[in-house]
Amino acid sequence: MKTETKCLHSGYEPKNGEPRQVPIIQSTTFKYDTSDEMGKLFDLESSGYFYTRLQNPTNDCAAAKIADLEGGVAGMLTSSGQAANFFALFNICETGSHIVASSSIYGGTFNLLGITMKKMGIDCTFVDQALPEEELAKVFKPNTRAVFGETISNPTVSVLDIEKFARLAHSHGVPLIIDNTFATPVNCQPIKWGADIVTHSTTKYIDGHGISVGGAIVDSGNFDWMAQADKYPGLTTPDDSYHGIVYAEKFGKLAYITKATAQLMRDLGSIQSPQNAFYVMNGLESLHVRMERHCENALAVAKFLNENENVAWVEYPDLPTDSNYELAQKYLPKGSCDVLAFGLKGGRDKSIKFMDSLKLATIATHVADAKTCLLHPASHTHRQMTDEQLIEAGVAPDLIRLSVGLENVDDLIDDLKQALQSI
Ligand SMILES: *Cc1c(COP(=O)(O)O)cnc(C)c1O
């Protein structure tokens with residue numbers, strides 16, 4: 001099946017007489033006839049549902065659809081994108097581990113890696129993702145356990161050279177984890193380019209309508225944990241909390257997601273609700289149609305801004321003049337995303353006046369939504385960062401992040417025009 005068809009049909013196949021749409025299994029618990037059957041579930045000896053903190057049928061349908069779209073072997077939902085990225089890393093890192101991450105990642109993930117995980121004794125080196133391979137290779141250490149980046153970075157819309165990062169990760173015997181939130185599996189499937197694990201904030205395009213926070217993790221099944229057994233004891237040595245199971249031996253290609261579910265979700269409990277999993281499932285059905293329109297509208301808006309005399313600069317990977325254009329053409333030939341970054345002549349004050357003058361586009365801490373929205377990272381999402389950190393992360397203090405929705409594009413351009421005139 002092609003992507004568009006998978007959006008509609010993967011993850012849930014009703015049998016004769018069953019509901020056409022995935023049922024919302026709004027139940028915390030599941031009943032068994034014998035004590036022995038329930039016991040086997042707790043030993044991971046047979047598969048089945050027993051408590052929604054670990055697994056729920058509605059969640060599993062949505063996770064299976066995302067996994068199929070990404071070309072992975074298994075997936076899981078989490079309560080947020082933050083939880084997805086934390087679980088994806090913490091599943092293979094522990095105190096004393098080291099991570100290599102692009103410095104251009106989403107502010108929330110930057111804090112997670114740079115501050116919160118550091119308190120757990122997990123160190124991170126942030127790198128400029130545009131550096132040549134030889135330079136990047138220098139930051140790896142014997143205790144490096146993962147490489148992390150975003151297909152398209154939020155909010156600087158830089159495109160990651162996934163093949164370069166996959167080569168780097170694999171030549172150092174560690175997996176590449178890619179946050180594919182902005183591209184979605186419709187516009188890019190990082191596993192095809194060598195990524196081992198893919199994460200999502202489903203809060204963005206996958207939901208698409210601003211109604212539910214959520215995350216997802218997909219495993220390609222390609223990374224050979226046993227070949228790097230000394231690096232990943234959590235997967236390759238007995239788990240005392242499951243009677244000494246060795247995940248990589250018992251579950252093969254499903255080891256990574258099984259451990260994340262059976263161990264991390266059991267102990268940390270950042271599970272998605274079945275109701276929200278239903279919204280995820282529903283959002284995925286129209287994802288391919290929405291992505292096409294988002295990209296078409298965003299390109300038209302980017303061209304308009306690029307030609308406006310009040311605009312100092314525009315970054316949008318699909319503009320032929322953009323520094324990311326070549327990488328975008330390679331990894332995102334159908335279009336990148338609906339987010340563009342720009343700055344106005346006159347800097348910060350003008351930006352704020354411009355934003356307050358908009359009538360249709362709304363100020364919201366959100367992107368990738370059906371309705372157009374925008375924000376000023378230096379005043380909002382990234383306000384805890386120093387100017388130095390902002391510039392290191394490629395976020396200019398005058399940067400406005402605009403997420404172009406599904407409205408009629410002429411109405412959007414008219415709104416931008418009147419706000420630009422007012423400054
Ligand atoms: C929003 C976002 C996150 C965090 O996701 P939440 O669902 O808000 O927790 C992570 N990565 C990227 C690229 C994002 O845009």
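How many bridges join S1 to strand S7, and do the two run parallel or antiparallel? Five of them link S1 to S7 (residues 215-219), and the pair runs antiparallel. Keep in mind that this is a predicted model. Here's a quick tour of the sheet, the helices sitting on it, and one helix pair.

**The sheet**
- Seven strands make up an open sheet with mixed pairing, in the order S1-S7-S6-S5-S4-S2-S3.
- S1 (74-78) and S3 (123-127) are the edge strands: each has a single partner strand, so one side of each is left without a neighbour in the sheet.
- On average, neighbouring strands here are turned by 20° against each other, ignoring direction.
- For a concrete spot in the S1 to S7 pairing, look at Gly75, whose bridge partner in S7 is Val218.

**Helices on the sheet**
- Helix H3 (residues 57-70) packs on the sheet and touches S1, S6 (197-201) and S7. The direction of H3 makes about 130° with that of S1.
- Helix H4 (residues 81-90) also packs on the sheet, touching S1, S2 (98-102), S4 (144-150), S5 (176-179), S6 and S7. Its direction makes about 160° with that of S6.

**H3 against H12**
- The axes of H3 and H12 (residues 274-285) come within 8 Å and cross at roughly 35°, and the crossing is left-handed.
- From H3, the contact uses Thr58, Asn59, Cys61, Ala62, Lys65, Ile66 and Leu69.
- From H12, the contact uses Pro274, Ala277, Phe278, Val280, Met281 and Leu284.
- Sorted by class, the contact comes to 10 nonpolar, two polar and one charged residues.

Conventions:
Residues are numbered from 1 along each chain as its sequence is written. This is a predicted model: local features need pLDDT of at least 70, side-chain atom pairs count only at pLDDT 80 or more; totals for chains, interfaces and linings use all residues. Side-chain values use heavy atoms; hydrogens and water are left out. Two strands pair if DSSP finds at least two bridges between them. Helices (H or I, at least four residues) and strands (E, at least two) are DSSP runs, numbered from the N terminus. Axes are lines fitted to C-alpha atoms, for helices over the stretch in contact, and angles run from 0 to 180 degrees between N-to-C directions. Contact means heavy atoms within 4.5 Å. A crossing is left-handed if the near helix is turned anticlockwise from the far one by less than a right angle, and right-handed if clockwise. Ala, Val, Leu, Ile, Met, Phe, Trp, Tyr, Cys and Pro count as nonpolar, Asp, Glu, Lys and Arg as charged, and the others, Gly among them, as polar.
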